[in-house]
Amino acid sequence: MLVLFIRAVLLYIFILFIIRLTGKRQVSDLQPFDLLITLTIADLAGCAIADVDIPLLYSIVPILALFLVQQAVAKLCLKSPHIRRAFCGSPLIIVRDGVLMEQTMRYANYTVTDLMDKLRSKDIFDLSCVSYAILETNGGLSILQYDQTDSAELSHMLILDGKVCRDAVSSLSLTDADLRAILGGTSISSVLFMQLSPNGELLYQLDRRHGAHQFKSQLRRVSA
Amino acid sequence: MKFVIIQRTCTILFVLFLVFIFIFPSYYIKTTCIDVSAHIDAALEAAQNGDLTTAHEQTVVLGSILDKRVQKIKWFVNHSIVNEVILEANLANESALENDQNAVIAALIALQNSLDVLSEIELFDGNNIL
């Protein structure tokens with residue numbers, strides 16, 4: 001049975017790797033590891049149901065192995081953004097300011113036809129209406145249209161789960177000192193999230209250990 | 001909160017179940033194979049010396065050991081492999097009753113081979129994992 005358990009874990013890692021390689025187009029509304037569990041559990045259960053020569057434990061043990069690995073992966077994803085990125089990937093901007101990001105689309109195995117399909121399914125028939133389109137980690141497409149907001153710009157997540165989102169912070173030419181100035185005496189690690197809206201408004205919330213209070217303020221820079 | 005407690009309790013129970021499942025089947029199969037193999041060796045030695053009465057007694061004993069343990073073994077081994085072991089044991093028993101020395105020896109060797117397959121199923125090694 002230990003052999004079965006190890007085999008299930010090895011196959012979990014292998015299938016997850018393959019699903020991640022196939023790109024977001026294949027995932028369809030599930031995180032990669034959720035999709036993997038859904039596919040494999042169904043197949044494992046089917047084997048034991050159909051063949052009476054196979055002991056039930058041959059299905060139960062691998063399903064339990066997958067369940068435990070799934071729990072461990074989910075916990076690790078909550079704890080570390082790096083692990084979350086490794087397992088789930090990152091959202092990809094495939095339309096920025098109305099311009100198709102061809103290289104990003106190639107990386108995600110996403111064609112213009114796929115994009116148009118998704119836009120039509122969201123009742124958007126004109127590509128020129130799209131300001132931003134983001135391919136989410138679950139394969140879904142989030143769209144920001146020009147007429148939805150005055151600025152037609154995206155909000156930026158500056159801190160997530162107590163960790164600074166380096167890409168967003170550096171793209172806005174902000175520094176850790178700016179963030180600390182905004183937070184006053186509160187440490188960055190105690191912030192659950194901090195979002196910067198296109199109008200310069202900051203919204204942030206402390207984690208539950210620090211009272212889960214939510215604050216709003218305006219962005220001010222201390223760095224030059 | 002209640003759901004989290006239930007979820008954690010279930011996870012702990014699953015882990016305990018898995019630990020039991022990792023230890024018990026391999027131990028049970030191993031001891032069964034050792035017990036049966038001892039009687040196969042004795043029966044084989046007797047059959048090769050022409051003592052088919054002793055060989056028959058040994059096949060009866062190993063048959064009764066298998067009868068007692070076969071249902072539990074079927075919980076964690078493919079039924080066709082267990083059925084094959086039972087079939088070989090019955091064949092050895094019948095051949096000993098019929099005083100067919102060559103058939104007894106052949107059936108006992110086949111039984112030992114089937115037992116070897118059975119005992120290797122739960123062996124934790126690279127070949128089984130891959």
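Two strands are said to pair if DSSP finds at least two bridges between them. By that rule β7(A) and β8(A) pair, in the antiparallel sense and over 5 bridges. Within this pairing, L196(A) stands opposite L202(A) in β8(A). The model described here is a predicted one.

## The five-stranded sheet of chain A

β7(A) and β8(A) belong to an open sheet of 5 strands, whose order is β6-β5-β7-β8-β9 in chain A and whose pairing is antiparallel. The edge strands of this sheet are β6 and β9 (214-218) of chain A, and each of them pairs on one side only.

The hairpin of β7(A) and β8(A) has 4 residues between the strands. In this hairpin G200(A) takes a positive phi, near 90°.

On its way through the sheet, the order passes from β7(A) to β5(A), and these two strands run antiparallel, joined by 4 bridges. L160(A) has F193(A) as its bridge partner in β7(A). L160(A) also stands opposite K163(A) in β6(A), and the pairing of β5(A) with β6(A) is antiparallel over 2 bridges.

Helix α8 of chain A, residues 176-183, packs on this sheet. The helix touches β5, β6, β7, β8 (201-206) and β9 of chain A, and its direction makes about 105° with that of β7(A).

## The four-stranded sheet of chain A

Chain A has another open sheet, of 4 strands, in the order β2-β1-β3-β4 and with antiparallel pairing. β2 (99-100) and β4 (141-145) of chain A stand at the edges with a single partner strand each, so one side of each is left without a neighbour in the sheet.

Strand β1 of chain A, residues 92-96, is joined to β2(A) by 2 bridges, and the two run antiparallel. The bridge partner of V95(A) in β2(A) is L100(A), while that of R96(A) is V99(A). The hairpin formed by β1(A) and β2(A) has 2 residues between the strands, and D97(A) takes a positive phi near 55° there.

β1(A) also pairs with β3(A), in the antiparallel sense and over 4 bridges. Here R96(A) stands opposite Y132(A) in β3(A). R96(A) thus has a partner in β2(A) as well as in β3(A).

Helix α6 of chain A, residues 112-121, lies across β1, β2, β3 (130-135) and β4 of chain A. The helix runs at about 70° to β4(A).

## Pockets and a cavity

Rolling a probe the size of a water molecule over the atoms shows where empty space is left. The table sets out the spaces described below.

| Space | Volume | Nonpolar lining residues | Polar lining residues | Charged lining residues |
|---|---|---|---|---|
| Largest pocket | about 1500 Å³ | 20 | 11 | 8 |
| Second largest pocket | about 590 Å³ | 3 | 2 | 8 |
| Largest cavity | about 30 Å³ | 7 | none | none |

The largest pocket has a volume of about 1500 Å³. Its lining holds 39 residues, and the closest to the centre are P91(A), M157(A), L160(A), C165(A) and A168(A). Two or more lining residues come from each of α3 (57-79), α4 (81-88), β1, β3, β5 (156-160), β6 (163-164), α7 (166-171) and β7 (191-196) of chain A. The largest share, 5 residues, comes from α4(A).

The second largest pocket is lined by 13 residues. Nearest its centre lie L78(A), K79(A), D161(A), R208(A) and R209(A). α3 and β7 of chain A each supply at least two residues of this lining, and α3(A) gives the most, with 3 residues. Domain 1 (2-87) and domain 3 (156-218) of chain A each contribute at least three residues to the lining of the second largest pocket.

A search of the whole structure finds 1 cavity of 30 Å³ or more. The largest cavity is lined by L66(B), V70(B), I73(B), V82(B), V85(B), I86(B) and L118(B). In chain B, α2 (52-76) and α3 (79-97) each supply at least two residues of this lining. By class, the lining of the cavity has 7 nonpolar residues, with no polar and no charged ones.

Conventions: Residues are numbered from 1 along each chain as its sequence is written. Chains are lettered from A and ligands numbered from 1 in the order in which they are written. This is a predicted model: local features need pLDDT of at least 70, side-chain atom pairs count only at pLDDT 80 or more; totals for chains, interfaces and linings use all residues. Side-chain values use heavy atoms; hydrogens and water are left out. Contact means heavy atoms within 4.5 Å. Axes are lines fitted to C-alpha atoms, for helices over the stretch in contact, and angles run from 0 to 180 degrees between N-to-C directions. On a 1 Å grid over the protein atoms alone, a cavity is a set of points where a 1.4 Å probe fits but cannot get out, and a pocket is an open set with protein on both sides within 12 Å along at least five of seven lines; lining residues have an atom within 4 Å of a point. Grid points are joined across faces, edges and corners, and a volume is the space filled by probe spheres set on the points. Ala, Val, Leu, Ile, Met, Phe, Trp, Tyr, Cys and Pro count as nonpolar, Asp, Glu, Lys and Arg as charged, and the others, Gly among them, as polar. Domain bounds come from an automatic or database domain assignment.
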